[in-house]
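Visitor: Please take one chain of this model and look closely at how its strands are paired. After that, place the chain in its surroundings.

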Amino acid sequence: MRNRIRAIAFNTFREAVRDRVLYNLVVFALLIVGSSLIFGQISIGVERLVLVNLGMTAISLFGIVIAIFIGIGLVSKEIEKKTLYTVLARPVHRWEFIVGKFGGLVGTLTVNAGFMAIGFFAALLYLTHRFEPADGYLLVALYFIVLEFVLITALALLFSTFSTPLMSAVFAFSLFVIGTFAEDLRGFASMSTGVTKIAMETVSRLVPNFAAFNVISQVAHSQAVPGRLIFYNTIYAIVYAAVCLAASVLIFERRDLK
Amino acid sequence: MPAIETFALEKQYKVGFWKKRPRQALEPLTLSVEEGEVFGYLGPNGAGKTTTLKLLMRLIFPSGGSGRILGKDLGDGSLKQQIGFLPEQPYFYDHLTARELLDYYAELSGVEAKERTHRVEAVLARVGLPDSANLQLRKFSKGMLQRVGIAQAIIHNPKLIFLDEPMSGLDPIGRREVRDLIQSLKEEGKTIFFSTHILSDAETLCDRVGVINKGKLRGIGVLADLAREVSGKVEILWEGAGARAGIEALGGRAQVSSGTSRVVLPEEKLNAAIDAIRAGNGKIVSISPVRVTLEEFFMEKLNSEGAEMEQEVAR
């Protein structure tokens, strides 16, 4: 079982790595990091702040775009191209396929984020000439970005099990945008009454709370990230992704591959 | 023990956007394929061949009925170690090389790592692709992809192989090679279930055939027996013009060429025809049963069911 999941994950990783579109995005992300360096240099006194904000946001956004771009086709593309037929005609359970695909894409995104982070830290070192203890918080922000990738990949994969790539992209991106404002929705719910309050409260709890993962501004100001937030975010991402994966498996187990 | 058994296996899809209505893709199908047999599953495009194969592979789920492969229920995942499958118009991960693809599939099929390298090389040689092993599949021609498709279906040395239209899109040489490959797999004792609409391939390879059209199995059996069902005709050649009127009185249309007459008549009229030729002072040159080609059999089956349908409509 583990071998099969590992093989599917590795194949997903290999496919993404050999995909030229992915390279373009990575190169583009590196350019953004580079340009943030230039912006940093022309921002007198707040170079580090500008570099961290721009660089981290670029890593996050490009990762999200890649996650959605590849995630929406993880299952539907395999059905459309019939590559799935020769996989599922083997002793491979459908849930193993889903978990393998998920693991492969999260692995790809983590490796990408790692490369972009190296570029980012190189830029930071160039600008500040030395690392400070507060730069350690940047690693927490990076960790949260990877957790965001886990969430968005799970969502994109879920939509991919029952929808077309285009619709999956729309759903996943919409949820990302709504989730970014999840805290605002909660604030709106607390100010509302009656049915509106219940509706807003429900929606704000159901959508993935991406707002909680965005600590870029905080770490840019060299502020510490509480350990409790790291713990809660980790548990939240694991549980949310697990629920999405379970739903994907439930749908996919019953689906006719026409 | 039969290699494949289905019991009233059927598939119905719901079609339509708002008001779903059922569409029968496969009528209840009961058939049995013995171990070591090459079974041809024949039918025109859209007849239900691929639906049957997908049901057997559990890529789609039946609306009714059941099936067993190598003595195990279709839902038993362990049976997939024993079967190989080539889908129709296969498309593979084109970012992989042929060697990588086969290694990947061998791993998914549970072939041990130390055995995989040897197995991959052997299969690549067997399908005639050893020189293209390190080429990415996106650079492969259709014929080469079909060979890779067959290679992945046999990489784990399965007992039973399902091939969906294995010769489609191949040039005559490619078809012959695939035919030889199927023949050699048969000689190794493998059971082969292959669907095709290219009848001559089935004719040369199959022990038995089943004919399916519009989702319904129309006939099944040894080709010669099936052909007899449809045919039952004899060809008579004779010399001498005197017997012609007698033969035509039996309903035959005699054709004369270089003094030799020829007629094709139903078997039951053979004795009457011999009597008529003798009465006309003719000399019998030969009497031979008419061998129906699979194509004729196929058309006959499809025509007869067309007639059945017309009768049903008239009723």
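Guide: Chain B holds 10 helices and 14 strands. The model is predicted, and what follows is computed from it. Of the 315 residues in chain B, 39% are buried. Among the contacts in chain B with a separation of 6 or more, 71% are between residues 24 or more positions apart.

The strands can be taken from the N-terminal side. An open sheet of four strands in chain B has the order 2-1-4-5, with antiparallel pairing. Its edges are strand 2 (21-34) and strand 5 (72-73) of chain B, each of which pairs on one side only. At one of these edges, two bridges join strand 5 of chain B to strand 4 (residues 64-69) of chain B in the antiparallel sense. One contact point there is given by Arg68(B), whose bridge partner in strand 5 of chain B is Asp73(B). As a general matter, strands of a sheet pair through backbone hydrogen bonds, either parallel or antiparallel.

Next comes a hairpin. Strand 9 (residues 208-213) and strand 10 (residues 216-222) of chain B run antiparallel and are joined by six bridges. Asn213(B) is placed opposite Lys216(B) of strand 10 of chain B. Two residues lie between strand 9 and strand 10 of chain B, and in this turn Lys214(B) has a positive phi of about 50°.

Strand 13 (residues 260-266) of chain B has pairings with strand 11 and with strand 12. With strand 11 (residues 233-239) of chain B, the pairing is antiparallel and runs over seven bridges; Ile236(B) has Val263(B) as its bridge partner in strand 13 of chain B. With strand 12 (residues 255-257) of chain B, strand 13 of chain B pairs over three bridges, also in the antiparallel sense. Here Ser257(B) is bridged to Thr260(B). Strand 12 and strand 13 of chain B form a hairpin with two residues between the strands, and Ser258(B) takes a positive phi near 50°.

The bridge partners Ile236(B) and Val263(B) reappear in the packing. The largest nonpolar core has 141 residues, and those touching the most other members are Ile59(A), Ala67(A), Ala141(A), Ile152(A), Leu155(A) and Leu102(B). Helix 7 (residues 136-160) of chain A gives this core 17 residues, the most of any element. A second, separate core has eight residues, including Ile236(B), Val263(B), Ile247(B) and Ile277(B). In soluble globular proteins, nonpolar side chains tend to be buried together.

As for the neighbouring chain, 22 residues of chain A are in contact with 22 residues of chain B. On the side of chain A that touches chain B, helix 1 (2-18) and helix 5 (83-88) of chain A are the elements giving two or more residues. Helix 1 of chain A has the largest share, seven residues. By type, this side of chain A comprises eight nonpolar, five polar and nine charged residues.

Conventions:
Residues numbered from 1 in each chain as written. Chains lettered and ligands numbered in written order. Predicted model: local features only at pLDDT ≥ 70, side-chain atom pairs only at ≥ 80, totals over all residues. Pairing = 2+ DSSP bridges. Contact = placed C-beta atoms within 7 Å. Nonpolar A, V, L, I, M, F, W, Y, C, P; charged D, E, K, R; others polar. Buried ≥ 20, exposed ≤ 12 C-beta atoms within 10 Å, placed from the backbone. Core = buried A, V, L, I, M, F, W, Y, C linked by C-beta atoms within 7 Å.
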